[in-house]
Amino acid sequence: MILRQRVLSRLLVHLPWRRPPPSLSFSGCTAAVPLRSGVQWRHLSSSSSADGDCVLDKYRIAPDTHALVGSPRLYPTTPSEVIAYKKRMMRSFPLPFIRNVSIIAHVDHGKTTLTDALLRRAGLLPEGATGTFTDRLAVERERGITIKAQTCSVFMRRTTPAGVEEEYLLNLIDTPGHVDFQYEVSRSLSASDAALLLVDVSQGVEAQTMAQFYAALEHDLTIIPVLTKLDQVLNDAQVDKAMQQLEDSTGLLRREAVLTSAKSKEGIEAVFAAIIDRVPAPTGREGFSDLRQLPLMHPDSEQRREAEAALVPLRALLFDCWTAESSGMDNSHLAGDGGDPTLDLRRGGAPLAKEGVYCLVRVLDGTVTPETTVTFCHSRHAFEVQEVGLIHPTLHPTAALTAGVVGYIFLPGLRKNEIRIGDTLCTLPTKRHRLASATAAEAEGEAAAADAQYVVHPVPGFKQVQPVVFAGFYPDEDEYISQLREAVELLCINDPSVTVEPLHCQALGQGLQLGFLGLLHMQVFKERLLAEFHQSVLVTPPQVQYKFVATGDDPADERAWQVLTVQNWRWPHEGVQLYLEPYVHATVVTPRDYLNAINQAALMQFRGEQEDMRVIDDARVVVRYRMPLADLARGFFSLVKSASRGYATLDYDDPVYVESDLVKVDMVINKAKISALSLICPRRDAQEHGRRMTASLKENLLRSTVDLPLQACLGNKIIARETVKAYRKDVTAKIHAGDISRKQKKWADQKKGKERMARRSLGTVTLDQNVLAAAMGATTAK
Ligand SMILES: Nc1nc2c(ncn2[C@@H]2O[C@H](COP(=O)(O)OP(=O)(O)OP(=O)(O)O)[C@@H](O)[C@H]2O)c(=O)[nH]1
Ligand SMILES: [Mg+2]
């Protein structure tokens, strides 16, 4: 993060490292990216020039040379094929022929479409298949965005000029672009050796493009720029502009850029060629890791002693997990409407086992095979592997995963609470292998020891992510809490950034307090619970995490900061020295036309302070604000999108806590305090929040036969009040004549009845999803 901020600040101060612009021609290009000769690119847009032929002269997509051939190696079916296949798999992928690449970009710049095109080109997807293959989750297809990073291994064959046929194993990871899912991206990057940085030619470099670029830099990866959607450009100038932006903002040279159009399936081979030629092969130690991986040998034989001496301790980084229930491995959508119903993408794909966890690993050293006993370095728990394999693009068991390969292993004994994403798997204990010591002095001794090669050094793992938005999740009916807890636990295996705490509210009963990386993350989690686990839930208005320092603690010491929730709030500031509120730096990249609207909203509605403003090019500006995270989460993101018609982009960094005057606003409905609607906010927002909440509840609460008073309170003080009026039966409807006292008697009876009912229905307000959604709307919109 520090590196990212440093680089960003350098970027904002006129890019000192900017390289001189090279000549515009591609003549200096390497042979691997054959951009020189090419057919003229005819523009397909209806808005092309008068003669209907808009031609790109300077920039052309590299034509296919058909030097690369995809070779799907699907899992064999007959026993003899199985044996031949396993033998081949064991030895066919030495390190120099493996490439591990993540595909990163800003939202909607075409990562998924390009990955699909790559898989199609490699022969993995049938031509008739419709829909996006890589967006496998129902919620991804519904929303049209990627939420989970998806991995797929591809085999490509190439004949060298000397006539030697080479086969490569490429592992592609399609990542999400939305800022809420950045954790997925950073995990994918740590399993890769390079990143394809996609830039949509018509949009140019955006805020998330830069965020992803810095993330790849932090992981020290080779970055290959790829310009996508070339079928949408009108002229060379547009491509030129995108190239210039790329060069100015990242320092990547324009002649390194690969030009593609995933829609028209052009330039796909050039992408493959760039991956093979420019991505460094993984480094690691090849060899068997466990004697059980070798053929049977006599225990006293020389051969066995040699084999034992040559063992390489396994090191594999665990970077994703899933279970049968939360896998998203359902490809039925591809053969859906308009698709060929006979398409069977599961060809050879193994069905998902029910009990146990699938772990996606990047093998760094050694080999893992079925029946290998692997140990988690962190917990020291050991498990026997039942199956290993590649995702191709469904699960395909193989005989082994060797050094450099990204694949899955299935651990039937692993329980949900034993998983720690980022942990290293090793083969321990063996006679010789042991884990590296934690202390520096011991580590030094180990390095000097004769058997240093047998010491396993765990991978540093991933940075712990901090949830920024919290919400209470309650089951529809109180008794379904155990099912909800189970579903949340299973889904958390697939989404490890979510934090879970038990929760209780008088009106809604037992629930769970879940922490998310953003509002979209929260909504997607809720939708996944419904789509994959059939759990419909009531969700309370989201909150950011506030902290407090207890009296007597040192405010300068971060370890003394305690999490503040509506549950542990102490009245009135009992034992609390000070409260802390999270602030972030939000960077907005916007076309100039929309700057005014965004700036005004940021300063007036969202308590933003403008820190910096720079012009990137003649059309766009970068603005940096310091802003409370609560305001950013509440609606600034959607405002930036709506005010700029989707053209502006927003990125923000980790929160910094500053002192703030916080209060707890309680909602009282019909004299009962509803803790699910209580909210902590800065004092200056309390009144407005209370008013919005009561107004929203008034509109959405069901009217009953008695008046329902709604109050927003700060302790004992009422700061906003509304009443949901009761239905009133016309009790005098049948009285057509007579004295007024007859009517008055009826009204008096009605009044008494209502008072009786009001006494009985005290505190029995039913909160349904509509009410909570309204409350959420009141909290999230300004
Ligand atoms: N014309 C054209 N449209 C494209 C091309 N590639 C992608 N698109 C369109 O761009 C939109 C976004 O594409 P996606 O592949 O979902 O983008 P993404 O980067 O995966 O998006 P996220 O995963 O949500 O970040 C879709 O409507 C695609 O049809 C292309 O080469 N040409
Ligand atoms: Mg996508």
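**A walk through the chain, starting at a proline**

Leaving aside neighbours within four places in sequence, P655 is in contact with V468, P582, Y583, V584 and L629. This is a predicted model, and P655 is where our walk begins. The residue lies in the loop between strand 32 (649-652) and strand 33 (656-660). Is P655 buried or exposed? It falls in between. P655 is partly exposed, because 19 other C-beta atoms lie within 10 Å, and a buried residue needs 20 or more. One distance helps to place this loop. The C-alpha atoms of P655 and P628 are separated by 8.7 Å, although the two residues are 27 residues apart along the chain.

Now step back to the whole chain. It has 782 residues, and buried residues make up 43% of them. Its secondary structure comes to 17 helices and 38 strands. Contacts across long stretches of sequence are common here. Take the contacts with a separation of 6 or more: residues 24 or more positions apart account for 73% of them.

Next, look at a pair of helices. Two packed helices are described by the angle between their axes and the distance between the axes. Helix 13 covers residues 595-604, and helix 14 covers residues 629-643. Their axes come within 9 Å and cross at roughly 160°. That angle makes helix 13 roughly antiparallel to helix 14, because angles over 145 degrees count as roughly antiparallel. The crossing of helix 13 past helix 14 is right-handed. Which residues meet in this pair? Helix 13 brings A597, I598, A601 and A602. Helix 14 brings F636, L639, V640 and A643. By class, the contact has 8 nonpolar residues, with no polar and no charged ones.

One of these residues deserves a closer look. V640 is found in helix 14. Why is V640 called buried? V640 is buried because 26 other C-beta atoms lie within 10 Å, and the cut-off is 20 or more. Not counting residues up to four places away in sequence, V640 touches V588, I598, A648 and L650. Here I598 is the helix 13 residue we have already met. V640 also has a distance to note. Its C-alpha atom and that of T590 are separated by 8.7 Å, and the two residues are 50 residues apart along the chain.

Compare this with a second pair. Helix 5 (residues 182-190) and helix 6 (residues 207-218) have axes that come within 10 Å and cross at roughly 35°. Their crossing is right-handed. V185, S186 and L189 of helix 5 make the contact with Q212, A215 and A216 of helix 6. The residues of this contact divide into 4 nonpolar, 2 polar and no charged.

Helix 8 (residues 268-278) shows how a helix can be mostly covered: 8 of its 11 residues are buried. Which ones are they? The buried residues are I268, E269, A270, V271, F272, A273, A274 and I275.

The walk ends at ligand 1. How many residues surround ligand 1? There are 19, and the closest are G110, T112, I145, T146 and G177. Helix 3 (residues 111-121) gives the most to this shell, with 3 residues. By class, the shell divides into 5 nonpolar, 9 polar and 5 charged residues. Set that beside the contact of helix 13 with helix 14, which has no polar and no charged residues.

Technical notes:
Residues are numbered from 1 along each chain as its sequence is written. Chains are lettered from A and ligands numbered from 1 in the order in which they are written. This is a predicted model: local features need pLDDT of at least 70, side-chain atom pairs count only at pLDDT 80 or more; totals for chains, interfaces and linings use all residues. A residue is near a molecule or strand if its C-beta atom, placed from the backbone, lies within 6 Å of it. Helices (H or I, at least four residues) and strands (E, at least two) are DSSP runs, numbered from the N terminus. Ala, Val, Leu, Ile, Met, Phe, Trp, Tyr, Cys and Pro count as nonpolar, Asp, Glu, Lys and Arg as charged, and the others, Gly among them, as polar. Axes are lines fitted to C-alpha atoms, for helices over the stretch in contact, and angles run from 0 to 180 degrees between N-to-C directions. Angles under 35 degrees count as roughly parallel, over 145 as roughly antiparallel, 65 to 115 as roughly perpendicular and the rest as oblique. A crossing is left-handed if the near helix is turned anticlockwise from the far one by less than a right angle, and right-handed if clockwise. Two residues are in contact if their C-beta atoms, placed from the backbone, lie within 7 Å. A residue is buried if 20 or more other C-beta atoms lie within 10 Å of its own, exposed if 12 or fewer, and partly exposed in between; C-beta atoms are placed from the backbone.
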